[in-house]
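The following note is offered to a reader who meets this structure for the first time. The points are numbered for ease of reply.

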Amino acid sequence: MALDAALESAIKQAVEEQGQPQAVAQRLLAWIEALGQGNAAPESQDGFYSRLFAEVVNPGDAT
Amino acid sequence: MASFRIREDALTWLADVQKTLPHGSIFDMYYFCAIAGLTAGRAEELKGPSREMVDYFVADYKPVASFILGMLVVAELRLARIGFDEETAVREMFRSLIAGSGENGLTEEGMKRLNAYANGGYEFLAENYDPRPQSAEEFLRAYATLIEESAAHGPFAC
Amino acid sequence: MRINIAGWSCEGLRCPDVDIDLRKADGLPFHVAFLQMPNGTGKTTTLDLLKAALSGEAAKWDEAMVRGVRRRGDENETGSFKVKLLVDGRPLTFEIDFDFENGRALCYTTRPGSGGVRSGWFPPPEMRRFLDISFLNLFVFNGELANKLFVPEEGAAEGAIDALCQLYLLESVSDQLDTEWNKAAKSRAGPKTQATLESLQTKLGELQARKTKLTRSKEKAVAEQAAAQAKSDELEEKIREKTVGMNKDQGDLADSRTREAKADGIVKEATASLHQAMRLPLALSPIIGKALDDWKDQLDDLKLPEVTSAQFFTDLQKKDECICGTTMTEGMRIQIGVMSKAVLSTAENGQLNIIKGDIEKYRPEPGGLTFNEDLTQKLADLSAARREQLEAQQDVRALRRKIIEAGGDQVQEWEAQQKESDETCGRLQALIDAIDDAGLNLRPGEEVYSLAKIQRDIDEATAKITEATNTVELRRKTTLIQSILQRAEELARRTIKDELLIACNERLKIILANDPIELEAIDGHLKLAGQDRGSEAQMLSVGYTFLMTLLERGDNRFPLLVDSPVGKMDGTVRRQVGRLIPDLCSQFVTFVINTERADFVSSVEGRATDALYLTFFRKTDGTRRLMANLPAGNYAENDSGVLVSDEAYFDSFDMEDEE
C-alpha cells in the first residue's frame, strides 16, 4: 500500500532542499514504507540504514 | 574574556520583575543594577554566589553600550577625584577600563568594576525599595524616580 | 483498499452469545445496519472486543483483563470472539480465544491464500497500518469522538491525521537513526576513551529520559490545565445561571471585564514602552547626559583621542632614522618607547572615537522632547494606565462579589471551588512556562525543567561522544537525515491539512447547504470559520465529514461503527446527523437503544441504499416477556441471548412495555 502522496512529495522536497540526491529520498521512502507495512523487523533495519547512508552526500559536499 | 556577572541575591530580588517584564531578560536586570550603582556611586566588589552571564552586550543594549562605558569611566574618574582636564590621569583611567578590542569594549579591570557597580547598585535598590518589587510595572516607575533622585547626588552631579 | 465488517460472533463472554451477520444474500454488506441493544447487553464490551481483535491487542492483555470479559457467574474456562471482515471483497477473520483459567488470550487469523487459520495476528501487510489501535479509534468509536475533534487540548484531529497519513513513521526512522549512531559510537571507542564514553553515554541517557519525562509532563499539565479551566468555566456558567436574574449586574460585569482586559493590555504596552525608553541611560536623568557631554567636551579640549597613536611611536622605534632625520640611537629608541606608552593605541583611540561619536549622536531633535522628557511622559502614561487598570479590577471584584452574595451558599461554594480550579490552572501554567522557558538563566544545581536547555545539553553530550568516538561524519549525516525527516513532516502536515480543509469544505457546502458552516483551519483540532461553535448538528456534521474525508484519502473506504451516535441529542439534530451519515461512508453500523431510534433511524434509512434491522437482548427474568412476540422465522436464540432480524420488531421494540 503506497504512502500518502503528501508524505512522499514532502520527503522528496526536503531532500532537495538539503542539496542531497533524490536517491536519498528513495531510500528513505523505502524504509518508511517498510515500517508502515510492518515489514521492517529489527533485523532488517540495518539494510535500510546502510543503503540510505550509502547515498547521503557529506553535508559539506552537497550541491 | 571576563563576563558580566550578577549577584544571585539580585536575581532573586528582581525575580518577579523579570517574570512580568515583557521580554525581560537577565541582562535587563543587570542593567537596572549597574545603572543604579553608577548613578548612586555605589561599587562593591562581587563576593559570594553570582551568576555568570554573556561576555557581550546583548542586542537590545548594543546601541547604548557607549553610554554605559562612558558612565563607567566618568564614575571612576569622579570616585578617584580626577579632573576631566588631567590629561595623563584621564588617559590612564580610560585605558585601564576600556579595551581597544574584544566583545564588550571592556578590559578585565573594566568588567570587574562594572560588575562591582552592578553589585553596589543592587544593594542601593534593596535599601531603598522594601519589600521587593512584585511587578515590572510597579518597579519601573519607582526605579525611574530613584535614579533621577540619586543622579542629583552621585558622581554625575557637578 | 475497501474494508467492510461482515459480522462478528462471541461465545462465553460477558456479552450474550451471538452471531451477527451484516451481509445481504449476495454476500455484500448492508449499507446501513442498526443494532438495537438495550443497556446491559454489552455494547461497550462488544466495541472493546472488536478493537482488540482487529488490532491484535488482546494478545498483550494481562490476566485481569482476560478474566474481565468472562461471563459473570459462569465457571466456563474458555470463551471466544471472532470478527469477520471483507477486504476488497475477500474474507479475513480475526479471532480471540480466551483461556480464563490461565488468564491468557490467543489470537488467530484466517485469510484465504495463507494456509487457512494461523496462530497469531497476521493481517495482510498492506492492511496493518489501518489496524493500528490509534487508527481503529477513528472508525470504531462511541459518539463522543466527533465532539473531541473540536477540543484544542485533545489534539484528536492532529492525531487522526498522524495515524492515517503515517506521519509517526518519520519519528520511528529518526529514533532508529539515533540507535544506529549509538551502536556505532559504542563500537568505535578505544580503551582510553571507554570510561569517559560510558560516563557521557550515561549522562546522555539520563538527559534523554528527562526530555521524555518533561515532554509527557507538559502534555499532562496541558490536559489537566484544560480540565481545570473547563471546570472553572463550568462553575462560572453555573454561577451565572444561578444568578441569571441579575441581568443588569451580569451585563455590568461583562462590560467591566472587557474594560479590565483592555486596561491590562494598555498597561502591558505602556510598561514595554517605558522599559524601552529606560534602556537609554540619558533618558533616566538629564544629569547623566550633561556629565557625559562635559567629559566628551573635555576630551576634545585634551585632543583625545590622539591624532597620533601608540602605533606611530612603536613603528618609529624600528626605523633607522627619526622623523627629524637624525640617526636613531638606543637612547632615542628607549625614549620613544616611553612616549608610546603614554598615548593610546590605535584600537583604544578607535574605541574612544566610537564612544564620543555616540554621545554626540544622541542629541534630541530641535524643538522635540528630550529623552528625559519623553521618559517622563511614558511614566505618566503608565501611571494613568495603571490607575485605570486598578479601577477596572475593583469594579470587576465588586460586581462579582455582589452577584456571588446574592446567589447564596451554593454560589459561594461554587466560587470557592472555582478559586481552587484557578489556582490549579496557575500552578500548571507555571510548570508549562518552566518547561517552555529557554533555560538561559538557571542557577547552578537548579533542577532543569526547560526542554530547550535539556536539548542543548543533549546536543552537547552528543557532540562530545561524537568527538570521543571519531564518529563526526556519521553524526553529521545522521543529523542531516533527521533534519530532512523533520522538514518533511512539517511539509506533509501542511499539505495534508490544506487538502483536507478544501475537501471538507467542498463536502460541507453540499451536506449542509441549508445550514451552512465552514472549517477555517485544522490546527490540532478543528476550527470553524467565523465562530467558536456551531449548533450541535453542525458540529457533528463537520466532525463526521472530517473523519470520512480523511479516511477516504488515498482512495480507501472504511466502515463507520459507532456506539450511540446521537444519544444525547434532540430530535432536530438527530434528523440532521442521520441524513448526512449514509452519504459519508460505504458501510455504517450503529448500536442504538430504543430511545435513540426516534428521528435518527428514519433519517438514516431514508438516505441508505439498504438497511438491516437487528435487535439483540440478553435472556433474563426481565426480558422473559419479550420472548412472547418474536417474529417467526426471523430470530435466533441461545442460552444467553436472542437476536431478531426484523424491521417491524425493531421499530416496536420497547424494554419498558407493560412495566
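1. Helices (H or I, at least four residues) and strands (E, at least two) are DSSP runs, numbered from the N terminus. On that basis chain B has seven helices and two strands, in the order β-α-α-α-β-α-α-α-α from the N terminus on.

2. This is a predicted model, in which local features need pLDDT of at least 70 and side-chain atom pairs count only at pLDDT 80 or more, while totals for chains, interfaces and linings use all residues. Residues are numbered from 1 along each chain as its sequence is written, and chains are lettered from A and ligands numbered from 1 in the order in which they are written.

3. Of the 158 residues in chain B, 47% are buried (20 or more other C-beta atoms within 10 Å of a residue's own, C-beta atoms being placed from the backbone). Among contacts in chain B (C-beta atoms, placed from the backbone, within 7 Å) between residues at least 6 apart in sequence, 75% join residues at least 24 apart.

4. Where chains C and B touch, 40 residues come from chain C and 38 residues from chain B. On the side of chain C, the elements that each supply at least two residues include helix H8 (247-278) and helix H14 (371-436). H13(C) gives the most, with nine residues. This side divides into 24 nonpolar, nine polar and seven charged residues (nonpolar: Ala, Val, Leu, Ile, Met, Phe, Trp, Tyr, Cys and Pro; charged: Asp, Glu, Lys and Arg; polar: the others, Gly among them).

5. Chain C also touches chain A, through 30 residues of chain C and 25 residues of chain A. Helix H6 (168-188) and helix H16 (472-511) of chain C each supply at least two residues there, and H16(C) gives the most, with 14 residues.

Conventions. Contact = placed C-beta atoms within 7 Å. Buried ≥ 20, exposed ≤ 12 C-beta atoms within 10 Å, placed from the backbone.
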